[in-house]
Amino acid sequence: MTSHTSPTPAPRPSGLTPWPEELATRYTAAGHWDGRTLGTLLRDWSTRYADRTAIIAGSTRLTYRQLDRRADRMAAGLAELGIRPGDRVLVQLPNSGVFPVLLFALLRLGAVPVLTLPAHRSTEIGELARLSGAVAYVIADEHGGFDHRQLAADIRAQAPALRYVLVDGESGPFRALAEVDAEPRELPEPDPTDLALLLVSGGTTGVPKLIPRTHNDYGYNARASADACALDADTVYLACLPIAHNFPLACPGMLGTLAVGGRVVLAPSPDPGDAFPLIAAERVTHTALVPPLIPLWIDAAEWDPADLSSLRVLQAGGSKLPADLARSVPDALGCAVQQVFGMAEGLLNYTRSDDTPDLVARSQGRPLSADDELRIVDPTGRPVAPGEVGELLVRGPYTLRGYYRAPEVNATAFTHDGYYASGDLVRQLPSGHLIVEGRVKDTIDRNGESVSAEEVEGQVAAHPEVRRCAAVGLPDPRGGGERICAVIVPAGPRAPTVQGLRAFLTERGLAAYKLPDRVDVVTDLPLTAIGKIDKRALRTRLTATDRG
Ligand code: OOB
């Protein structure tokens, strides 16, 4: 493949950093970028799939035509309210029927949704409001026992640009989203090469970053994913992870399912109590989970008589899926497992249905697009030998060229020729499949040896008494380095002791310097807004107990 070295152009006023012209031409010629806006895509789907069911959420059922029409009405209502093309709008909604309507309304208007997660609170929302300069904030009245109107009042006090708060439900002092409704009107078509939406980065460290996605690249992301996952008009996709996250939204998720005429069921949560009855009632064929949720589903399936027989594929992504857990899915849940290694920044890797069972269990998939360009490099930036572990760098037709309004971050997160430095440590098999070996920064410095936390976790998770494990480095009181602490959620009433665990891992052939120095048994691990293990919170928790 030819190597393109033309520099990344400067960001546009919208905050989008465009691709160099020669790459844009290539992605268009290949048919990846088809010049349609996301709002136009819905128009096309509505023509094609008309009276088929598009969305099911609680008592709401919308056909493609109804979704199209509602989005037009809400877009007109938002315009009437004073929201203009280019305005940013914070969206913080649980999985509900109003989410797709609002999303497409904003996209048609050319206003930019900032897709925050329901679990975000004043720290994150305040920062995202400031960073995006949002003029409006759309919330549910309450969700999971939390009053979002209270949060909105706090945010409004600190974000002067925020002019409107729109509430789905009881609006209190604010405006009801249900009243944002007007006769559809002609709206200028947004530029498909420009900023369409902003995703929130999944990072568990530091301040949140905003990821600009264009109409062209996000449409491709969803369509190509639907294709790679072989979705079709018979697909019934259950979105039970928070729908504002890239995975359930477009990998292939809601947008990929709508692109092929399937139906999308929105579940209020991924709890088996919410998800299982919906799988049975709507004959769900596909869904997506983060790995920590899978053992809960497997346990629940043992005693819950729910009928999961329609389920064909369980996608697992967001953090590493242990191979043993992957292997147990078909028997336990009666469906295939598909590994997805993705990032809001772009690059997606999927295992494919014709991969060997071993690849499906052990690898995190291979890149979605023939135009994804991957480089795996050592700490000096030089490519590692084939099969060796290094940091994954990537550029391609749906991978960002710069974070939104973050010049300092962009100066270090991208190479001079536009590759995004993911911070993920991977190795690539001859087949092209990647194995995620950890994060560049998630290593434990033990007596001068650098130990990958992910490797220790994978090993510890193989112990029969362990349900989940997180490995963290804690300051070693005897020296400058760190000790390895394995934090364990046991599978049953018993948990391994530190001696027992060390013997088990030694028996498995793990090097002595990687053995845990300490074992903490806990009932749960702190999770991020999407449900990944939150290492930062865990470290804080442990350091606090260390002192005590
Ligand atoms: C997904 O997106 P984000 O933006 O919340 O997080 C991305 C990061 C990756 O850089 C990687 O560190 C980790 O999450 N990750 C995985 C993984 N999938 C994501 N680590 C190991 N194994 C995997 N399968 O998490 C995301 C976006 C789209 C689809 C799926 C996941």
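At what angle do helix α10 and helix α11 pack, and how far apart are their axes? In this predicted model, α10 spans residues 272–282 and α11 spans residues 294–303. The two helices pack at an angle of about 65 degrees, and their axes are 11 Å apart. The crossing in which α10 passes α11 is right-handed. On the α10 side, the contact involves P272, A275, F276 and I279, which meet L296, W297, A300 and A301 of α11. By residue class, this contact comprises 8 nonpolar residues, with no polar and no charged ones.

The model also holds a ligand, which is surrounded by 20 residues. The closest of these are H245, V340, A344, D424 and K532. The shell around the ligand is mixed in character, with 8 nonpolar, 8 polar and 4 charged residues.

Polar atoms of the protein approach the ligand at several positions. A backbone N or O atom of V340 is placed 2.8 Å from a ligand nitrogen atom, and V340 is also listed among the closest residues. For S319, a backbone N or O atom lies 3.4 Å from a nitrogen atom of the ligand. In the case of R439, a polar side-chain atom is 3.5 Å from an oxygen atom of the ligand. The ligand taken alone exposes 600 Å², of which the protein buries 93%.

Three elements give two or more residues each to the shell around the ligand: α8 (246–250), β16 (336–343) and β22 (434–439). The most is given by β16, which provides 4 residues.

Definitions and conventions
Residues numbered from 1 in each chain as written. Predicted model: local features only at pLDDT ≥ 70, side-chain atom pairs only at ≥ 80, totals over all residues. Heavy atoms only, no water. Near = heavy atom within 4 Å. Polar contact = N/O pair within 3.5 Å; in protein donor to acceptor, adjacent residues only side chain to side chain. Areas by Shrake-Rupley, 256 points an atom, 1.4 Å probe, with all protein chains shown as cover. Nonpolar A, V, L, I, M, F, W, Y, C, P; charged D, E, K, R; others polar. Axes fitted to C-alpha atoms, helices over the stretch in contact; angles between N-to-C directions. Left-handed = near helix turned anticlockwise from the far one by under 90°. Contact = heavy atoms within 4.5 Å.
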